[in-house]
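Biologist: Before we begin, could you show me the model, so that I can ask how each term is justified?

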Amino acid sequence: MLIKIINPNTSRPMTEAIERSARAVASMDVVAVTTSMGPASIESHYDEALAVPGVLAEMANADGYVIACFGDPGLDAAREAIAAPVLGIAEAAFHAASFLATRFSVVTTLTRTCVIAERLVRRYGFEAQCGGVHGTDIPVLDLEHGGEPLLRKIEAAAASALSQDRSAAIVLGCAGMAPLCAQLGARLGVPVVDGVAAAVKFAEALASLGLGTSRRGDYATPPAKPYAGFASHLGW
Ligand code: 5HY
């Protein structure tokens, strides 16, 4: 069985980092792909909107899918598009963290994206478990360079989130933070959840159970119709 991980931004180095993190935990075959269209990084509502067609164009030829951007862009549309299980890294990380602590905090990139994560917390029903979403104002693509100063900045933000929110686990709010997960966990002494790894394991679990997205109700295949312009090849 194959799990396909889709990086909704067009950064190949970030896709490679995502694939390394996924391979480190996967039991099934995994492949990470970079979308052929969209923003270099996703740090706004506008970026997120323009990332979705690229995600949908990749929904084929796998037994499970992971959308590797913390806004879970296009998750519902992707679940309509294909019967195989589709996991967003934010939703997967929230579920994983909720098994590990009664309250968790999210540490993400630009403060302006915190509202996107806060909306997902509400949408997925984790208001009671999520103590807060905290920005570090680290641009997404800066994560590709890694390094001690960046690690220290995220560690400091996580440490203050734990005390401010009285939480006991950290959710990393960007796929680009996946390579830092183990080091942060060792330094903070609490569970640190990387959504890429969590989503890969949940996708494997569902695929191995032979379970996929329901074809009944709102996730049923969309009604057939012509699509124009750049979407012409995305129609039914
Ligand atoms: C991500 N952006 O995981 C999100 C993180 C964010 O390009 N990959 C991106 O800041 O929302």
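Biologist: From which domains does the shell around the ligand draw at least three residues each?

Modeller: In this predicted model, where local features need pLDDT of at least 70, side-chain atom pairs need 80 or more, and totals for chains, interfaces and linings use all residues, the shell draws at least three residues from each of domain 1 (2-88 + 198-234) and domain 2 (90-196), with bounds taken from an automatic or database assignment. Residues are numbered from 1 along each chain, and side-chain values use heavy atoms, without hydrogens or water.

Biologist: Which residues surround the ligand, and what classes does the shell hold?

Modeller: Among them are Asn9, Ile42, Phe70, Thr113 and Ala175, where near means a heavy atom within 4 Å. The shell has six nonpolar, five polar and no charged residues, and Gly counts as polar while Cys counts as nonpolar.

Biologist: Why is the approach of isoleucine 42 to the ligand called a polar contact?

Modeller: A backbone N or O atom of isoleucine 42 lies 2.7 Å from a nitrogen atom of the ligand, and a polar contact is a pair of N or O atoms within 3.5 Å, so the pair qualifies. The protein covers 96% of the 300 Å² of accessible area that the ligand has on its own, by the Shrake-Rupley method with a 1.4 Å probe.

Biologist: How many residues of each domain are in contact?

Modeller: Taking contact as heavy atoms within 4.5 Å, 27 residues of domain 1 touch 35 residues of domain 2.

Terms used. A polar contact is a pair of N or O atoms within 3.5 Å; within protein, one must be able to donate a hydrogen and the other to accept it, and residues adjacent in sequence count only if both atoms are side-chain atoms.
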